[in-house]
Amino acid sequence: MEELVRSFENDGIEIPPYLEKHYWWAYLRPWSIWTFERGWMINLILWGFYAPLRKLVLTMMGQTLAGKTIKISCCYGKLEQRLAERVHAGGGTLDIVDVSPEQLKNSYRKTDPAFVNRIVKHHRRDAVDLAGFADNSYDRALLFFLPHEQPRDVRKKTFEEAFRVVKGGGEIFVVEFAKSVWWHPLRYIWYPVLMVLEPFARDLWTKDIEIWLPQEGQGCVIEKRHRFGKFYQGVKIVTPIKVVN
């Protein structure tokens, strides 16, 4: 573990300035893990919907996951463990990437020791630059509450990288906030709070996710499932078949 920790912290990859400025308290400090890696805390932040949203995306992905899966950014809670179990059941592999050493260390600690560096591997990468990950090499990718935490240019580049590494006809899964119905009470209670804590989230509340995809999702097959009065969305994007010249 100590050797792995050193490799995460001394690999020359920089923390993006926006992440240090806006989210240092949530993801970048050891005490952040101590504070937020609690089931009741995660559920509180998501208004009791963490488990339903985890179940939603795992249902959309399937019971068994063969081939190669990449999860772009770590997350608090047990999603990664549940995902690893489905990958194991399908005889596949799972790569988890994040730019924060603390998040990678936390994810590593949560991973079943039987899976570490065999079924599940951790890599320090910025979502906008998945260096070393080949084009068209993954069957599927997962982004769980990542896009709303990114500035627009970073968000678009993240989707470009996801599309680059996923095979044509592969799948990209996203769980995020959505354009809720106008009468939803949390529009008036929670959104003002999130505007302070999540300064880039407004885009996901006011715009369809397609506008952040390469060519605005042209050629993709997109399925959306909403929860909690369209406050949240689970999105399955089947990427276009890529023509090789």
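## Questions on a predicted model

Reader: Leaving aside neighbours within four places in sequence, which residues is Gly-77 in contact with?
Author: Happy to start there, with contact taken as heavy atoms within 4.5 Å. Residues are numbered from 1 along each chain as its sequence is written. This is a predicted model, in which local features need pLDDT of at least 70, side-chain atom pairs count only at pLDDT 80 or more, and totals for chains, interfaces and linings use all residues, while side-chain values use heavy atoms, with hydrogens and water left out. Once those sequence neighbours are set aside, the partners of Gly-77 are Glu-37, Ile-42, Tyr-50 and Lys-110.

Reader: Is Gly-77 buried or exposed?
Author: Gly-77 sits in the loop between β1 and α6; helices (H or I, at least four residues) and strands (E, at least two) are DSSP runs numbered from the N terminus. The classes are buried under 20% relative accessible area, exposed over 50% and partly exposed in between, with a 1.4 Å probe and protein chains only. Gly-77 has 6% relative accessibility, so it counts as buried.

Reader: How is Ser-73 unusual in phi, and what is the value?
Author: Most residues other than glycine have a negative phi. Ser-73 shares the loop between β1 and α6 (79–89), and is buried because its relative accessible area is 11%. Although not a glycine, Ser-73 has a positive phi, of about 95 degrees.

Reader: Glu-216 has a positive phi too; is that residue buried or exposed?
Author: Its phi is near 55 degrees, and Glu-216 belongs to the loop between α11 and β6 (221–227). The relative accessibility of Glu-216 is 53%, so the residue counts as exposed.

Reader: Which residues does His-184 contact beyond four places in sequence?
Author: His-184 is in the loop between β5 and α9 (186–189). With a relative accessible area of 3%, His-184 is buried. Its contacts beyond that sequence window are Phe-228, Gly-229 and Phe-231.

Reader: Which residue of β2 stands opposite Thr-69?
Author: β1 and β2 run parallel and are joined by five bridges, where two strands pair if DSSP finds at least two bridges between them. β2 is mostly covered, with five of its six residues buried. Opposite Thr-69 in β2 stands Leu-94.

Reader: What span does helix α8 reach from its first C-alpha to its last?
Author: α8 covers residues 152–165, 14 residues in all, and its buried ones include Arg-155, Phe-159, Glu-161 and Phe-163. Among the elements covering those buried residues are α2 (17–28), β4 (138–144) and β7 (232–238). The expected span is 1.5 Å times one less than the number of residues. That expected value is 20 Å, and α8 comes close to it, reaching 20 Å.

Reader: What is the volume of the largest pocket?
Author: On a 1 Å grid over the protein atoms alone, a pocket is an open set of points where a 1.4 Å probe fits, with protein on both sides within 12 Å along at least five of seven lines. Points are joined across faces, edges and corners, and a volume is the space filled by probe spheres set on them. For the largest pocket, that gives about 770 Å³.

Reader: Which element gives the most to the lining of that largest pocket?
Author: Lining residues have an atom within 4 Å of a point, and there are 38 of them, with Tyr-27, Phe-145, His-148, Glu-149 and Glu-198 nearest the centre. By class, 28 are nonpolar, five polar and five charged, counting Ala, Val, Leu, Ile, Met, Phe, Trp, Tyr, Cys and Pro as nonpolar, Asp, Glu, Lys and Arg as charged, and the others, Gly among them, as polar. The largest contribution, five residues, comes from α2.
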